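Subject: The structure I promised you

Hi,

Here is the structure we talked about, with my notes underneath. Have it open while you read, and shout if anything is unclear.

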Amino acid sequence: RRTGFFLHIPFPPLDGFIRLPWRFQILDALLQYDLIGFQTVRDRRNFMDCVRMLKPGARVTGQGRLSRCFTAEREVLVGTFPISIDFKQFAKTAASREVEDQAWIVHANLPERQLLLGVDRLDYTKGIPLRLKAFANALARYPELRRNVSLVQVVVPSREDVPEYEALKRAIERLVGESNGRCTEVGWTPIHYIYRSLSRVELLAYYRTCEVALITPLKDGMNLVAKEFCACSIENNGVLILSEFAGAAAQLQNGALLVNPYDIEGVADAIHRACTMEADERHRRMEKMRRSIHKYDIFRWVNGFLSAGVHKDLSQFPRVEFYVPQPDPSEL
């Protein structure tokens with residue numbers, strides 16, 4: 001019987017991994033599998049670097065998306081398998097009457113403005129406080145956005161019994177309160193904050209209604225919210241602002257506006273660009289992303305991962321390297 005392991009979160013680089021007291025035990029356990037899968041090329045390379053450094057007896061071959069690691073006991077295949085979603089089901093449900101009715105309710109209650117959407121589990125890796133600061137910065141530096149845009153920030157409760165997460169929740173609510181207290185005008189509230197889980201119909205209605213998705217994690221294995229938003233943008237009129245540190249950036253870099261979430265002014269500039277983007281450019285960018293997500297959906301991922309150990313073939317996966325930020329020519 002062959003066994004496989006897929007890691008949906010990032011694998012750390014060598015200089016971080018070696019700090020773990022149980023680093024050897026983790027590697028030994030992982031190398032008991034016949035197939036190990038990672039979300040991105042970067043994660044796979046990080047793992048292989050750790051094997052080379054910490055397992056002197058192991059031999060590593062292959063520089064593409066599928067490597068082979070030879071230990072004294074076995075050969076282990078290590079591959080890159082970017083996970084995805086059921087694109088057709090999301091697109092079909094987004095077009096349903098139930099979702100359309102709910103989307104109309106959202107639109108009717110927040111009329112005559114563009115809506116930005118953030119959907120995150122309460123977690124420090126999601127970069128929510130920095131995102132709120134960037135949105136406030138955009139309102140301050142681009143006055144034309146006032147009264148014309150609002151941010152809907154959904155935070156799904158998580159680990160509510162952990163003090164650090166409760167402190168993060170308070171920090172988010174403080175930033176929301178500060179922005180709304182400073183900027184709110186009659187008939188316009190800049191940030192609509194929702195702290196609860198959404199039903200599937202509610203979530204897809206927000207995907208349909210909001211024209212800009214603001215997905216800016218500090219680090220993420222993939223981030224399927226970005227792909228769900230694209231799948232539900234059935235009119236091809238949405239704009240995706242995506243952190244370059246999300247795994248999805250490698251696949252969606254040709255359509256999304258990629259940002260460094262630590263760069264508050266840079267994210268604010270991307271917000272302004274997204275809100276003022278011409279319809280033709282929106283359509284072109286979104287069409288590229290939806291086509292890619294449609295082609296490389298969750299079923300292709302499942303079939304590819306399960307068969308990779310037998311066929312040793314990754315041709316069904318997108319040929320994307322990890323995203324490497326390029327310097328701004330104006331800063332050179």
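Let me start with a small puzzle: which residue in strand 9 is the bridge partner of Leu116? The answer is Val212. I'll come back to that spot below, but first some background. Please keep in mind that this is a predicted model.

**The overall picture**

The protein has 13 helices and 11 strands. Its radius of gyration is 21 Å, and the globule rule gives 20 Å for 332 residues, so the protein is as compact as a globular protein of that length. If you want a feel for the dimensions, the C-alpha trace spans about 70 × 45 × 40 Å along its principal axes.

Of the 332 residues, 52% are buried. As for the contacts with a separation of 6 or more, 75% of them come from residues that sit 24 or more positions apart. The protein exposes about 16,000 Å², with carbon and sulfur atoms supplying 52% of that area. On the charge side, I get 45 positive and 40 negative side chains, and the centres of those two sets are 6 Å apart.

**Around strand 9**

Back to Val212. Strand 9 covers residues 212-215, and it pairs with strand 6 in the parallel sense over two bridges. Strand 9 also pairs with strand 10, again in the parallel sense, this time over four bridges. In that second pairing Val212 stands opposite Val239. So Val212 turns up twice: as the bridge partner of Leu116, and across from Val239 in strand 10.

Now for the faces of this strand. In a regular strand the side chains alternate between the two faces of the sheet. Here Val212 and Leu214 are on one side, Ala213 and Ile215 are on the other, and all four are buried, which leaves both faces of strand 9 covered.

One of those residues has a contact worth a look. Val225, which lies in helix 9, touches Ile215 as well as Val119 and Tyr207, leaving aside residues up to four places away in sequence. If you'd like a distance to check in your viewer, Val225 and His192 are 33 residues apart in sequence, and their C-alpha atoms are 19 Å apart in space.

**The antiparallel strands**

Earlier in the chain there is a run of antiparallel pairing. Strand 3 (residues 59-61) is joined to strand 4 (residues 66-70) by three bridges, and Thr61 has Arg68 in strand 4 as its bridge partner. Strand 4 then pairs with strand 5 (residues 75-80) over five bridges, also antiparallel. The two form a hairpin with four residues between them, and Leu66 stands opposite Gly79 of strand 5.

**Two loop residues with positive phi**

Two non-glycine residues caught my eye. Glu112 has a positive phi of about 55 degrees, and Asn236 has one near 60 degrees. Glu112 is found in the loop between helix 5 (97-109) and strand 6 (114-121). Asn236 has its place in the loop between helix 9 (224-232) and strand 10 (239-243).

Are they buried or exposed? Glu112 has a relative accessibility of 74%, so it counts as exposed. Asn236 comes out at 11%, so it counts as buried.

**Two more positions to click on**

Ala140 lies in helix 6 (residues 128-141). With a relative accessibility of 56%, Ala140 counts as exposed. From Ala140 to Arg1 it is 139 residues in sequence and 60 Å in space, C-alpha to C-alpha.

Thr184 lies in the loop between helix 7 (163-183) and strand 8 (191-195). Its relative accessible area is 38%, so Thr184 is partly exposed. Not counting residues up to four places away in sequence, Thr184 touches Ser179, Thr189 and Pro190. Asn46 is 138 residues from Thr184 in sequence and 46 Å from it in space, again C-alpha to C-alpha.

That's my tour. If you only have a minute, go to strand 9, where both faces are covered.

Cheers

Note on methods: Residues numbered from 1 in each chain as written. Predicted model: local features only at pLDDT ≥ 70, side-chain atom pairs only at ≥ 80, totals over all residues. Heavy atoms only, no water. Rg over C-alpha atoms; globule rule 2.2 N^0.38 Å. Buried < 20%, exposed > 50% of the residue type's maximum accessible area, 1.4 Å probe, protein only. Contact = heavy atoms within 4.5 Å. Areas by Shrake-Rupley, 256 points an atom, 1.4 Å probe, with all protein chains shown as cover. Lys, Arg positive; Asp, Glu negative; His and termini not counted. Charge placed at Lys NZ, Arg CZ, Asp CG, Glu CD. Pairing = 2+ DSSP bridges.
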